[in-house]
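Q: I have a structure on screen and want to learn how to read it piece by piece. Can we go through it together?

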Amino acid sequence: MHPLQREEHFGSTPVANGTELVPRTDLETTVVSRMGRVDPDDPSRVPDGWYMPTLDGRCLWEISEEVTELKKKGEHEKALDTALLALEVLEEACKTTPNCAMEHYVIQVAILQTKLGRNDELVETLDRWLGHSWPVQRDDYHYNLLKRRAKAMAKKQRQTGGDPGPFEEQWKVYRAKEREAEERMKSERRLGAVFIASGASQVGIQWEIRTYTKGIPGTRSSKRSVWRDTPTNAELNELEFVAVDFETANEDRRSACQIALVKFIGGAPHAQLVSYIKPPTECNEFTFTYIHGIKPRTVRQAPTWDALTEEIGKFVGDAPVYAHNAAFDHTVWQKLDEHYGTDTCPERFFCTVKLAQKLWPNLKNHKLPTVVKHVKPGYRLKHHEASSDAKACGWIVANAAKAS
């Protein structure tokens with residue numbers, strides 16, 4: 001993997017000088033590389049030196065999920081304290097391993113400081129982070145931080161009787177750059193690039209994923225469901241199977257906004273179930289529209305997950321289920337079940353990335369477009385359109401059965 005090389009200045013960082021805010025230049029820094037690209041064929045592979053920091057045995061993404069739950073309960077002060085603790089742990093890790101930097105955790109703090117009216121603290125948080133000059137994992141998140149800082153400085157100017165105009169202009173510039181970054185990442189994502197946000201995806205391959213007692217949110221059952229890399233030969237050659245693909249609104253795995261299930265019988269598509277999904281209110285911000293094109297208005301009249309589970313359960317039945325990068329789709333399914341107190345995630349859940357790596361090791365990579373082109377040359381893939389991706393996954397399984 002070759003990190004993208006590019007330069008970006010953080011811009012001037014004003015500080016108080018009496019009642020006047022003047023630019024300072026000591027924090028102007030040049031970022032020369034973005035280390036946030038990971039291998040989509042193997043989410044456990046990450047940039048050199050990157051690791052997931054922990055606190056008392058808990059990964060930061062787990063602490064981030066706790067923050068989300070506290071926000072859901074309206075406990076914003078406690079959520080901010082928890083988010084600040086996670087950020088402190090991250091900053092300590094970055095002092096020795098800069099490639100651990102993840103802007104997601106700074107944004108999480110910034111959102112809460114903004115909500116609670118802690119404008120001075122917000123500026124302090126952003127100045128501290130940006131001043132470190134750590135590698136930028138995601139350009140869109142980087143410009144999001146700069147945009148937030150410009151808005152906070154404009155507010156500070158208004159409060160002190162200064163001129164907010166220069167900072168308002170900065171906000172416009174950074175917002176435009178954020179959008180450009182989103183579009184650029186959308187194009188790169190089509191080519192198979194993956195970017196680190198909270199880091200949850202990168203450690204997902206090691207997660208222990210549990211099923212939950214039906215109807216009782218958060219109650220663990222004695223049954224555990226962990227996706228397996230590949231099926232047995234007998235499972236692979238079953239007459240019927242289902243391929244699935246989820247699209248999410250954002251990094252939160254509960255934020256599924258589309259599901260596609262395609263049933264194959266006898267090696268060919270037989271039926272499909274496709275639906276938009278309205279994400280839970282606490283995680284319904286659409287930051288991945290640049291990937292799949294789905295917007296808030298797209299899902300405005302869509303059903304929530306719990307309204308779909310009966311139909312999904314009937315459609316899947318006892319058939320084995322496959323996904324391309326099952327670590328992601330299985331986790332989305334489990335998180336939705338956990339949130340709504342449902343119990344629908346199949347026990348037999350397999351990964352076509354791992355299956356393809358096993359059967360066709362000499363392919364140049366094992367991304368969905370590459371593998372489906374190998375097994376089904378005439379298939380026209382519309383990548384990140386759920387039904388197209390699910391059907392492509394199904395064709396991989398069907399041809400794997402022939403090759404096994």
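Q: Does Asp245 count as buried or exposed?
A: Start with the cut-offs: buried means under 20% relative accessible area, exposed over 50%, and partly exposed in between, with a 1.4 Å probe and protein chains only. Asp245 has a relative accessibility of 12%, so it counts as buried. Bear in mind that this is a predicted model, where local features need pLDDT of at least 70, side-chain atom pairs count only at pLDDT 80 or more, and totals for chains, interfaces and linings use all residues. Residues are numbered from 1 along each chain as its sequence is written, and side-chain values use heavy atoms, with hydrogens and water left out.

Q: Where does Asp245 lie, and which residues is it in contact with?
A: Asp245 lies in strand 11. Strands here are DSSP runs of E with at least two residues, helices are runs of H or I with at least four, and both are numbered from the N terminus. Contact means heavy atoms within 4.5 Å. Leaving aside neighbours within four places in sequence, Asp245 touches Gln258, Ile259, Ala260, Asp329, Ala386, Asp389 and Ala390. You can also check a C-alpha separation: Asp245 and Val274 are 29 residues apart along the chain, and their C-alpha atoms are separated by 9.6 Å.

Q: How do I read the sheet, and in what order do its strands come?
A: Strands of a sheet pair through backbone hydrogen bonds, either parallel or antiparallel. For bookkeeping, two strands pair if DSSP finds at least two bridges between them. Here five strands form an open sheet in the order 13-12-11-14-15, with mixed pairing. Strand 13 (268-276) and strand 15 (349-351) are at the edges with a single partner strand each, so one side of each has no neighbour in the sheet. From one strand to the next, the twist averages 25 degrees; angles run from 0 to 180 degrees between N-to-C directions, and axes are lines fitted to C-alpha atoms, for helices over the stretch in contact.

Q: How many bridges join strand 11 to strand 12?
A: Strand 11 (residues 240-248) and strand 12 (residues 256-265) run antiparallel and are joined by nine bridges. To follow the register, look at Ala243, which stands opposite Val262, and at Val244, whose bridge partner is Leu261. On to the next pair: eight bridges join strand 12 to strand 13, again running antiparallel, and Leu261 stands opposite Leu273 there. Nine of the 10 residues of strand 12 are buried, so the rest of the structure largely encloses it.

Q: Which helices lie across the sheet?
A: Helix 11 (residues 326-340) lies across strand 11, strand 12, strand 14 (321-323) and strand 15, at about 80 degrees to strand 11. Helix 12 lies across strand 14 and strand 15, running at about 50 degrees to strand 15.

Q: What span should helix 11 have?
A: The expected span is 1.5 Å times one less than the number of residues. For the 15 residues of helix 11 that comes to 21 Å, and the end C-alpha atoms are 21 Å apart, which agrees. As for cover, 14 of those 15 residues are buried, so helix 11 is largely enclosed by the rest of the structure.

Q: How do helix 12 and helix 14 cross?
A: The axes of helix 12 (residues 352-359) and helix 14 (residues 386-403) come within 10 Å and cross at roughly 35 degrees. This crossing is left-handed, a label used if the near helix is turned anticlockwise from the far one by less than a right angle (right-handed if clockwise). Thr352, Leu355 and Leu359 in helix 12 meet Cys393, Ile396, Val397 and Ala400 in helix 14.

Q: Where should I look for positive phi?
A: Most residues other than glycine have a negative phi, and most peptide bonds are trans. Asn325, not a glycine, has a positive phi near 75 degrees; it sits in the loop between strand 14 and helix 11 and is partly exposed at 21% relative accessible area. His384, also not a glycine, has a positive phi near 70 degrees. His384 is in the loop between helix 13 (368-375) and helix 14, and at 9% relative accessibility it counts as buried. Among the glycines, Gly341 just after helix 11 takes a positive phi of about 70 degrees.
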